[in-house]
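Me: I'm new to this structure and would love a close look at one part of it. Could you pick a helix and walk me through what surrounds it, then show me the ligand too?

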Amino acid sequence: MASRRFFGSNEPDDYFSWDDLPEPDLQVDVTTTREWDALTEAFEDVRGLHLRALMALDGRREAMTCEVGDLYLDFTRHRATPVLLDALVAVAERAGVAERRDAMFSGEHINSTEDRAVGHVALRCPESARFSIDDDDVVPEVHRVLAAMADLTERVHSGDWVGATGEPIRTIINVGIGGSDLGPEMAYRALRRYRRDGLECRFVSNVDPAGIAAAIDGADPATTLVVVVSKTFTTDETLTNAHTLKEWIRAGVAPPAGGDDGTNGDDPIGEDEAVDDDNDGPDDEAWVAQHFVAVSTNAEAVAAFGIDVDNMFRFWDWVGGRYSVWSAVGLSLMLAVGEDHFRQMLAGGHEVDEHFRTQPLRQNAPVLTGLLRVLYRDLYGFPTHAVLPYAADLGRFPAYLQQLDMESNGKRVRLDGSPATLRTGAIVWGQPGTNGQHAFYQLLHQGTSIVPVDLIAFSESADDSGDHQRKLLANALAQGRALAEGRSADEAIEAGVPEAQVAHRTFPGNRPSTTILAGELTPGVLGQLIALYEHSVFTQGAIWGINSFDQWGVELGKELAADVLEELESDEAQDAPEGAARWVLDHPHD
Ligand code: F6P
């Protein structure tokens, strides 16, 4: 076990005596500790203070800002003081955040309910690093898969990889859901400026027929490569979509029965005899293999689907779905933006990992963001948290974070199965500003719920030759100020607001925000942002003593969906329950 002093060397020594503390117990219920009592006392000193007063305090800027990689984090608009932050850090120490982090970086099975290591940080290790999981250094294998992804990328970009009719690939369809969709889709959108011309990526996740219809709309099966992404390769939505795409590809590239084989004669797969007349034999699978690759941990299921396991990109059970964009799950992204940009994203993630792993908790950006989330969730009692990127290219970032955060920390029991003693994961939501400003910000400014927000903004944009970016940035900064300071009735009157409107045009302020700034949305910065949030989620989960790496809560709905489907399709349907299912049965679709 690592020395506590090493990671927590900035602890306020006068707060308590380190020597009195027992070795950290990773299952400690922090609410029973004196650090928690000290936190609640420090909180009582602050809770009644308005952000205007807090922001006027000396030394706040130095004590409440932080830098990691290219990110600058401004915590000054939080309803906290440096002393309250110190108390939060003391709770983090007592909860064993540093020890739990070290356990993750040591490859221990901290995902206890699934008895798995949590190794997504290994995915962004440089080749020279070691990362041991179950006594194996996994870094060489990680880099082997990255090299295979790069090889496919190169073959697709150069036109060396061709479809069954000999044409190069122009469309990638990524089939996957949850972590097998949100990460690559979010990053594909975020890295719009880095995409390669002439290659389009589409993403289909939902089993909704509209999803698959949109994915194939206007695409040519002959020039389409389908990337089926599923850790388990059992996810119903993904397999349903993949089978539909298989039929679509087959119909598009297979020859008419008994006739010409439909190719341009190049015989790209080297086996003209692979084409049979009835298009339903195993030979047809050879055709499909030219248009399908898989990303999975389950080689058997991939082979059963008909995808050549040579075209399967592996990842490992120690990578959680929502932490997997760094792995082969990011294959569509690498195909779109190229190997170099993908590796820059990994390097950005690694930079934040190193910061998280080595910096004292009091200067540790992901730890501080996580602790502030705990402050709002558990002490102030605010139920939601909004992520507001001032970058249209980060349009899917809030949705990505919803899975990362809510699937990780939406838990009601602690690691030992006992009930959680604190309110756990907040509801995460958001969308880009300034659009949000003209929609839901009314509630943020004047509603009866207080929503802490993250404002993510950039000083530069390579798209901009005018004043768009400055205006966008000014809006982000202004929102933080308006939320914090508000406008008093006196100020409203002074500004000329008619008396009858004063109550309506008064802003209470005192609404907290973190401002996260960077120069430009590059692949490296994107990697830094994702890792920042990952480790913030980790910190929160460690304080709450929950398992942030399982997701049992998604299972019941899946099981019942299978039961309901059976009910809807069976003769016993007449016994189906009242209500919505009854209505469906009474309105048969054919
Ligand atoms: O149902 C939830 C979930 O298991 C997520 O955790 C995961 O990211 C998603 O489904 C997809 O799973 P798979 O990659 O195994 O298809």
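Reply: Here is a walk along one helix, with a glance at the whole chain before it and at the ligand after it. Please keep in mind that this is a predicted model.

Let's start with the setting. The chain has 22 helices and 13 strands, and 54% of its 590 residues count as buried. Its accessible surface comes to about 25,100 Å², with 48% of that belonging to carbon and sulfur atoms.

Now to helix α7, which runs over residues 139–158. Its 20 residues reach 28 Å from the first C-alpha to the last, close to the 28 Å expected at 1.5 Å a residue. Among the residues of α7 that are buried, you will find Val-139, Val-142, Val-145, Leu-146, Met-149, Leu-152 and Val-156. His-143, Thr-153 and His-157 are buried in α7 as well. What covers them? For the buried residues of α7, the cover includes the strands β4 (136–137), β7 (224–229), β8 (292–296) and β9 (312–314), together with the helices α13 (331–337) and α14 (339–358). After α7 comes Gly-159, whose phi is positive, near 85 degrees.

Finally, the ligand. Of the 14 residues around it, Gly-179, Ser-180, Ser-230, Thr-232 and Thr-235 come nearest. The side chain of Thr-232 has an N or O atom 2.6 Å from an oxygen atom of the ligand. A backbone N or O atom of Lys-231 lies 2.8 Å from a ligand oxygen atom, and for the side chain of Gln-403 the distance from an N or O atom to a ligand oxygen is 3.2 Å. The protein covers 88% of the 390 Å² of accessible area that the ligand has on its own.

Technical notes. Residues are numbered from 1 along each chain as its sequence is written. This is a predicted model: local features need pLDDT of at least 70, side-chain atom pairs count only at pLDDT 80 or more; totals for chains, interfaces and linings use all residues. Side-chain values use heavy atoms; hydrogens and water are left out. Helices (H or I, at least four residues) and strands (E, at least two) are DSSP runs, numbered from the N terminus. The expected span of a helix is 1.5 Å times one less than its number of residues. Buried means under 20% relative accessible area, exposed over 50%, partly exposed in between (1.4 Å probe, protein chains only). Contact means heavy atoms within 4.5 Å. A residue is near a molecule or strand if one of its heavy atoms lies within 4 Å of it. A polar contact is a pair of N or O atoms within 3.5 Å; within protein, one must be able to donate a hydrogen and the other to accept it, and residues adjacent in sequence count only if both atoms are side-chain atoms. Accessible areas come from the Shrake-Rupley method with a 1.4 Å probe; for residues, only the protein chains shown count as cover.
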